[in-house]
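Colleague: Could you walk me through the cavities and helix contacts of this model? I would like to hear the reasoning behind each label.

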Amino acid sequence: MIELQNVKKSFGDTLAVSDLSLMIGEGQVVGFLGPNGAGKSTTMRMITGFLAPDAGQILVNGESVLENPRATKSLIGYLPENNPLYEEMLVRDYLRFTEQLRPGAGTGAIERAVAQTGIETVYYRPISELSKGFRQRVGLAQAILHQPDILILDEPTEGLDPNQRVEIRSLIKEIGRKRTVVLSTHVLQEVRSTCDRVIIIDKGRLVADADIETLMSQAQGAKHVVVEVQGSKPDRAIQGLPGVLSVESHSGAARGRHRLTVTAEGDAELRPLLFELAKEHDWTIWELFQEEVSLEDVFRHLTVGTERDTEVTGGADD
């Protein structure tokens, strides 16, 4: 459905996207992640045809975005990060105007989009009077007005309160059941709850492409075990276990207890060793568990490292 072949894009001396190749199939809901300045928005704008790549090729449904822009754009619904709306217009008039720009919308397009996005109550109100949540819904309505096969959503929940985020997240999930969706966001919980695949780029380069569970299972680095014991000076004894990298003590444990976070090498299995150590020292174990690797941990592992390049406005900002 969407294919990028060795795509490059620069803004002046700054390389925003570097030799990026990936493929997104029909019906997938993909989380498109990366730090600020990674090239996410630039990539999305190239897929939608708003920017032209300096090199490489972008295909949508087998058609070149550069050679057949009208055909490819008719397949895509796009909600940019800044959601540009005509604030002086009524919601009704704005959607009618959008419908005129998209002759393929068909009969009843506005009614379908209004019902799908739940904006019936604000249909006759000026856009300038709407909350940020309803503005995002209006932006989604214009994006799905022509029933596109592909939705490109750049930071669709940015600036929303927690309740609005949940509403828009559920809306995207519902809309995405019959479409290919590419969703850019910094809220990793949205990716876990909405997407079935994650693509991560950093400094314009692909660093990960897999389903969430595969990414989590392949995460490298140390593991963390939390233990709360009652006994004398457990941190020294635990520090001597094979594979232990560090032992951090936490305040707040009950009197006579010690709560510790034990960091160990990724392939070390500490829990049986801690039980044996407790028996040897006559400790009482009140709590023992291994912290799960989070999507945030995976993201940081893949993208934190060398100092980030200088950010650029005008398309290369993220």
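Modeller: Happily! Let us start with the second largest cavity of this predicted model, which holds about 30 Å³ of space. The structure has two cavities of 30 Å³ or more.

Colleague: What makes a space a cavity and not a pocket?

Modeller: A 1.4 Å probe fits in a cavity but cannot get out, whereas a pocket is an open set. The residues lining the second largest cavity are L4, L22, I24, F32, T43, I47, V182 and I199. At least two of the lining residues come from β2 (14-24), and at least two from α1 (40-48).

Colleague: How do you know which class each lining residue of that cavity belongs to?

Modeller: Val, Leu, Ile and Phe are among those that count as nonpolar, while Asp, Glu, Lys and Arg count as charged. By that scheme the lining of the second largest cavity has seven nonpolar residues, one polar and no charged.

Colleague: And what lines the largest pocket?

Modeller: The largest pocket has about 860 Å³ of space. It is lined by 27 residues, and F50, Y78, L101, R102 and Q142 are the closest to its centre. Two or more lining residues come from each of α1, α2 (69-73), β6 (76-79) and α3 (91-101), with α3 giving the largest share, four residues. By class, the lining of the largest pocket has 12 nonpolar, 10 polar and five charged residues.

Colleague: On to the helices. Why is α3 called roughly parallel to α5?

Modeller: Their axes cross at roughly 25°, and angles under 35 degrees count as roughly parallel, so α3 is roughly parallel to α5. The two axes come within 10 Å. V91, Y94, L95 and T98 of α3 make the contact with V138, A141 and Q142 of α5. Those contact residues comprise five nonpolar, two polar and no charged.

Colleague: Why is α4 called oblique to α5?

Modeller: The axes of α4 (residues 109-117) and α5 (residues 132-144) cross at roughly 140°. Roughly antiparallel needs an angle over 145, and roughly perpendicular covers 65 to 115. The crossing fits neither range, so α4 is oblique to α5. These axes come within 9 Å.

Colleague: Which residues meet where α4 contacts α5?

Modeller: A113, Q116 and T117 of α4 meet R137, L140, A141 and I144 of α5. That contact has four nonpolar residues, two polar and one charged.

Colleague: What is the handedness of the α4 and α3 crossings with α5?

Modeller: α4 passes α5 in a right-handed crossing, and α3 also passes α5 in a right-handed crossing.

Terms used: Residues are numbered from 1 along each chain as its sequence is written. This is a predicted model: local features need pLDDT of at least 70, side-chain atom pairs count only at pLDDT 80 or more; totals for chains, interfaces and linings use all residues. Side-chain values use heavy atoms; hydrogens and water are left out. On a 1 Å grid over the protein atoms alone, a cavity is a set of points where a 1.4 Å probe fits but cannot get out, and a pocket is an open set with protein on both sides within 12 Å along at least five of seven lines; lining residues have an atom within 4 Å of a point. Grid points are joined across faces, edges and corners, and a volume is the space filled by probe spheres set on the points. Axes are lines fitted to C-alpha atoms, for helices over the stretch in contact, and angles run from 0 to 180 degrees between N-to-C directions. A crossing is left-handed if the near helix is turned anticlockwise from the far one by less than a right angle, and right-handed if clockwise. Contact means heavy atoms within 4.5 Å.
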